[in-house]
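User: I would like to learn how to read a model of this kind, one feature at a time. Where should I begin?

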Amino acid sequence: MKNMTLEKVAHSVGGQLFLPENDTDDHRTLQGVVTDNRQIEKDFLFVPIIGARVDGHTFIPDAFERGAMAVLSQRKLENPAGPYILVEDTEAALKSLAAYYREQMDAYVIGIVGSVGKTSTKEMVASVLEQHFSVLKTQGNFNNEIGLPLTLFRVKEEHQVAVVEMGISDFGEMHRLGTMAKPDMVIMTNIGLCHLENLGTRDGILKAKTEVFEHMPKDGVVILNGDDDKLQQADTLGMETHFYGLEQEEYRGEDIHSGLTGVTATLSGPRWSEKVTISIPGKHNVYNALAAMAAGERLGLTKEEIVAGVQQAATISGRNNFIHANGMVIIDDCYNANPVSMAASLEVLSHASGRKIAVLGDMGELGDDERKLHYQVGEAVVKNDIDLLFTAGELSKEMSKAVADCNGRTRTFSYDTKEEMTEALLKIVEKGDTILVKASHFMNFPEVVSSLGTDTNGL
């Protein structure tokens, strides 16, 4: 890690370095930074975080046993097995260290921002840029104030580009993320109905997310979904700005054909147009491809490289991941949920050839309109002609109510708990069904996916 000696690390976090007796070497260079002692490798720095249930300081002895070069600590340590840096707050120090390390990087940093679709856009952009560059991308959804710095610490000298997600739920968070990431380019996917409890309205969401522009260089590049009404009016502070979408002139998607196995579309830009096949289902993936196309062109990629990257992109676990089990197709999209992503997933399900079953649960952080927004998901169920709807949770009963109010043909089954719902679901599924499983993370719907894959009465 460039310029990450013990001396410089201590200075960057405003800490005091303590070396063991007879040890005066403060110029050793760290090879990595982690907050999980189980991930320590030789010459790593361990940063113990104090959580609601676990205090990472208890793992400091184990960290040294596993080969840590040094640790941070909020407390004075008695006879530690190696060097430590005393700080007031280890979490704050982690962020300060990430900001310092970002300044040492030569990599071009691309920040992926938006209410919905950050992860799938990140995967598409990385797939395209990997055709030309050595790329580091966010693992999973390590996009918050702990995950982002850990992602930055994974950037090594061989990486030319880093594609990082930047996720927030309140005002001020993006300022803190921006201070660390200082992105050279920002791709903003949309301003949707997420985290309304804290941000209030879509205008509030726009204000919070566009804080990132204040942390970009003057020659930074901004790429926006121009089909989003709020992003059309975003103030990008005079930076180079490009728009993509199905209704845009600059980067647009045309002649779209969506199916359960993927999407075909023509990607058109200022320099070229080409028909592509995206192996991930869902019309929304055309937007992801357009964002990647715009980013690729800004960084000098050829048409052939961009098309190859778009067509090689793949989904990840929990995000429209197709599982074939017991003669059924299970669409595992249960990592998280909001009204926009629910509608997109129902559109994917609508292309199934057999019975279409939606297994949906409550969505969180939607504020005062939470019941109305759940009701709108029920309307989307009717619009997409879904055969059966199973729901768990109090708010999700609004989905079934919407189906009834719309006189939809969908058969609905509403339950208070996930366990009751799963028990009933397993009795009714059969070979040939396609089953979408989706809810907010706190509903723990991966257990439903697991049950469908293993406990379906021998199907």
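**Strand pairing, helix contacts and cores**

User: Let us begin with a single bridge. Which residue in S14 is the bridge partner of Thr266?

Analyst: The bridge partner of Thr266 in S14 is Lys275. Bear in mind that this is a predicted model. The pair belongs to an antiparallel pairing of strand S13, residues 262–268, with S14, made over six bridges.

User: How do I go from one pairing to the sheet, and which strands are at the edge?

Analyst: Follow the pairings from strand to strand and write down the order. Here nine strands make an open sheet, in the order S7-S8-S6-S9-S10-S11-S12-S13-S14, with mixed pairing. The edges are S7 (135–137) and S14 (273–278), each of which pairs on one side only. From one strand to the next, the twist averages 20°.

User: What are the neighbours of S9, and in which sense do they pair with S9?

Analyst: Take one neighbour at a time. S6, residues 108–113, pairs with S9 in the parallel sense over four bridges, and Gly111 has Val186 of S9 as its bridge partner. S10 also runs parallel to S9, joined by four bridges; in that pairing Met185 stands opposite Val221 of S10.

User: Are the faces of S9 covered or open?

Analyst: Sort the side chains by face and check each for burial. Met185 and Ile187 point to one side of S9, Val186 and Met188 to the other, and all are buried, so both faces are covered. A helix also lies across this strand: H9, residues 284–298, crosses S9 (185–188), S10 (221–225), S11 (240–245), S12 (251–259), S13 and S14. Relative to S12, H9 runs at about 145°.

User: S11 is in that list. Is Thr241, in S11, buried or exposed?

Analyst: Neither. Thr241 has a relative accessible area of 24% and is partly exposed, because that class lies between the 20% limit for buried and the 50% limit for exposed. Leaving out residues up to four places away in sequence, Thr241 touches Val222, Leu224 and Thr236. Its C-alpha atom is 9.9 Å from that of Ile187, 54 residues apart along the chain.

User: How should I describe two helices that meet, such as H3 and H6?

Analyst: Start with the axes, then the residues. The axes of H3 (90–104) and H6 (173–181) come within 7 Å, crossing at roughly 40°. H3 is therefore oblique to H6, since roughly parallel would need an angle under 35 degrees and roughly perpendicular one of 65 to 115. On the H3 side the contact uses Lys95, Ala98, Ala99 and Arg102; on the H6 side, Thr179, Met180 and Ala181. By type, four of these residues are nonpolar, one is polar and two are charged.

User: What is the general idea behind a nonpolar core, and which residues of the largest one touch the most other members?

Analyst: In soluble globular proteins, nonpolar side chains tend to be buried together. In this model the largest nonpolar core has 76 residues, and Met4 and Phe153 touch the most other members. H3 gives the most to this core, with six residues. Beyond its neighbours within four places in sequence, Phe153 is in contact with Met1, Met4, Val33, Leu94, Leu97, Ala98 and Tyr101. Another core, of 37 residues, lies apart from the largest one; Ile187, Tyr244, Trp272 and Ala313 are among its members.

User: Last, how many residues lie between the strands in the hairpin of S15 and S16?

Analyst: Check the pairing, then the turn. S15 (321–325) and S16 (328–332) run antiparallel, joined by five bridges, with Asn321 opposite Asp332. Two residues lie between the strands, and Asn326 takes a positive phi near 55° in this hairpin.

Conventions:
Residues numbered from 1 in each chain as written. Predicted model: local features only at pLDDT ≥ 70, side-chain atom pairs only at ≥ 80, totals over all residues. Heavy atoms only, no water. Pairing = 2+ DSSP bridges. Axes fitted to C-alpha atoms, helices over the stretch in contact; angles between N-to-C directions. Contact = heavy atoms within 4.5 Å. Buried < 20%, exposed > 50% of the residue type's maximum accessible area, 1.4 Å probe, protein only. Parallel < 35°, antiparallel > 145°, perpendicular 65-115°, else oblique. Nonpolar A, V, L, I, M, F, W, Y, C, P; charged D, E, K, R; others polar. Core = buried A, V, L, I, M, F, W, Y, C linked by side-chain atoms within 4.5 Å.
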